[in-house]
Amino acid sequence: MIVVLGGGPAGRIASIRLATAGKKVTLVESGGKSGGIGGQCLHFGCMPVCALNDVARIISSARRFYERGMTDVVPALRFSKVMDEMYAVQQKIAGILDEETRNAGVDVVYGKSGRVDGLQVFIGDEPVAAEATIIATGSRPNVPDIPGVTLPGVYTPHTIWGLRELPGRITIIGGSVMAAEFAYIFQTFGSRVTVLSRSGFLKDLDKHLRAIALKELDSVDIREGTAVNGITGTSQVTGVRYRAGGTGAETEGGAVLLAAGLIPNSGMVSRIDKGPGGEILTNDRMETSVPGIYACGDVAGAPFLTPVARHEGLVAADNILGKERHMDYTHIPQAIFLAHELAFCGTGGKGGASLALPGPAGPGTYWSVPYGDTGLAKILADPVSGEITGMCAAGPAGGDIAGYLAFLMQRHISVHDFEEFIEVHPSTDGVNGLAKYASELFRKHNPP
């Protein structure tokens, strides 16, 4: 028997791969069927953020139509109904995932915690004999140790879904993707949003994408270089005290959201090597320091991305099956979901040529033309060989564009290869046209 701890993206995909190969697999999920399978992505992260982002975009578009005299009203948000309907969809998805997993031949055990102590694995308090074990127990929100953090009205990405009234004010503590996505949602819903970022807000994002993000968060009060001293209040949050530039200040009332990153959920694992952040250390076969024990997904540390977790799960499963496979972390596409999908891959490299143009008008951006925000297409490439080393795409399909181009970048695609590319029209993908232009430019300055 193979034991898989955790029913999130990594553990579930790994268990299905193993079961369809004929292995007896037990998947242990500490949450119930309705609140566990699917992991953080379904219940607390990607899916609920996408759900609220869909509503926010519709409201934003309707507001623009109203401002231009094209419609008579802007729809009023029924926040509690949105949250209830979102929960109902989550339960439907959870049921589908449960059925899919069981139909693959996986034995799913709900409501019990798994534990690993060296070579020994436990389901609840009962030791079990396992041919191999995969630890895929995910992560949990980082809760900073600051006064007042347990006050009612302070939320994490795991608890904010219990909100049933839209807060008039909300302070978001954090400065990365999670903070930006929630800021856009609550800004569009009508809350007054303040973001307290310890360093630079979205500091590692490509400069062109960051400029778009700041434009799309124009109503958010973003305060960088802040040190949070405490959350004030007695029976309820009344504000957040912080210092910026040597000066003390305090935000007013409302709710507080802690968006300060994630911590690997590895407390149930002992006598296996871990890193300083609690992440379980693995090699590129997803093997831990103990033979026969594998780890994948968020519990193995950054980048905390669902597609990466799924891929790590497949790598772990294939190696258990005797199929040599290695995890490759180069060219991982990512996206931030605001008014546009701000997607990117490989933009941290140095050197080469950088070309950027506004995104084309098309489905989802036609009515953005009067506002000058049709998005962005950007590539980074070697001007001699033409090989693409990085890209950005901001638009309605930015994430899809980045995903496919990342796959091609792994295969060392050149801008010159796009000379034979014929795109679908109309489309908001400006990357392919930019690659064709880069090919012409590079050949002019570096003739073959």
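Which element gives the largest share of the lining of the second largest pocket? The legend to Figure 2 has the answer, after a look at the whole chain.

**Figure 1. The whole protein chain, shown as a predicted model.** Let us start with the overall picture. The secondary structure of this chain comes to nine helices and 24 strands. Its radius of gyration is 23 Å, close to the 22 Å that the globule rule gives for 448 residues, so the chain is as compact as a globular protein of that length. Laid along its principal axes, the C-alpha trace spans about 70 × 65 × 45 Å. Of the 448 residues, 48% count as buried. If we take the contacts with a separation of 6 or more, 65% of them come from residues 24 or more positions apart.

**Figure 2. A close-up of the second largest pocket, with a volume of about 750 Å³.** In this view you can look for Ser60, Ser61, Arg64, Tyr184 and Ala339, which are the closest to the pocket centre among the 23 residues that line it. Three elements each give two or more residues to the lining: α3 (46-67), α5 (177-189) and α6 (207-216). And here is the answer to the opening question: helix α3 provides the largest share, with eight residues. Sorted by class, the lining has six nonpolar, eight polar and nine charged residues.

**Figure 3. An open sheet of five strands with parallel pairing.** To find your way across this sheet, follow the order β9-β16-β10-β11-β12. The edges are formed by β9 (154-155) and β12 (221-223); each has a single partner strand, so one side of each is left without a neighbour in the sheet. Within the sheet, β10 (residues 169-173) and β11 (residues 192-196) pair in the parallel sense over five bridges. A handy pair of residues to pick out here is Ile172 and, opposite it in β11, Val195.

**Figure 4. Strand β4 and its partners β5 and β18.** Strand β4 (residues 114-117) has side chains that alternate along its length. Gly114 and Val116 point to one face and are buried, whereas Arg115 and Asp117 point to the other face and are not. What is the sense of the pairing between β4 and β5 (residues 120-123)? The two run antiparallel, joined by four bridges. Gly114 has Ile123 as its bridge partner in β5. Together β4 and β5 form a hairpin with two residues between them, and Gly118 in the turn has a positive phi of about 65 degrees. With β18 (residues 269-270), β4 pairs in the parallel sense over two bridges. In that pairing, Val116 stands opposite Val269 of β18. As a general reminder, strands of a sheet pair through backbone hydrogen bonds, in either the parallel or the antiparallel sense.

**Figure 5. The surroundings of Arg102 in helix α4 (residues 79-103).** Is Arg102 buried, exposed or partly exposed? Its relative accessibility is 37%, so Arg102 counts as partly exposed. Apart from neighbours within four places in sequence, Arg102 is in contact with Val108 and Tyr110. For a sense of scale, you can also locate Thr306: Arg102 and Thr306 are 204 residues apart in sequence, and their C-alpha atoms are 21 Å apart in space.

Technical notes
Residues are numbered from 1 along each chain as its sequence is written. This is a predicted model: local features need pLDDT of at least 70, side-chain atom pairs count only at pLDDT 80 or more; totals for chains, interfaces and linings use all residues. Side-chain values use heavy atoms; hydrogens and water are left out. On a 1 Å grid over the protein atoms alone, a cavity is a set of points where a 1.4 Å probe fits but cannot get out, and a pocket is an open set with protein on both sides within 12 Å along at least five of seven lines; lining residues have an atom within 4 Å of a point. Grid points are joined across faces, edges and corners, and a volume is the space filled by probe spheres set on the points. Ala, Val, Leu, Ile, Met, Phe, Trp, Tyr, Cys and Pro count as nonpolar, Asp, Glu, Lys and Arg as charged, and the others, Gly among them, as polar. Two strands pair if DSSP finds at least two bridges between them. Buried means under 20% relative accessible area, exposed over 50%, partly exposed in between (1.4 Å probe, protein chains only). Contact means heavy atoms within 4.5 Å. The radius of gyration is taken over C-alpha atoms; the globule rule is 2.2 Å times the number of residues to the power 0.38.
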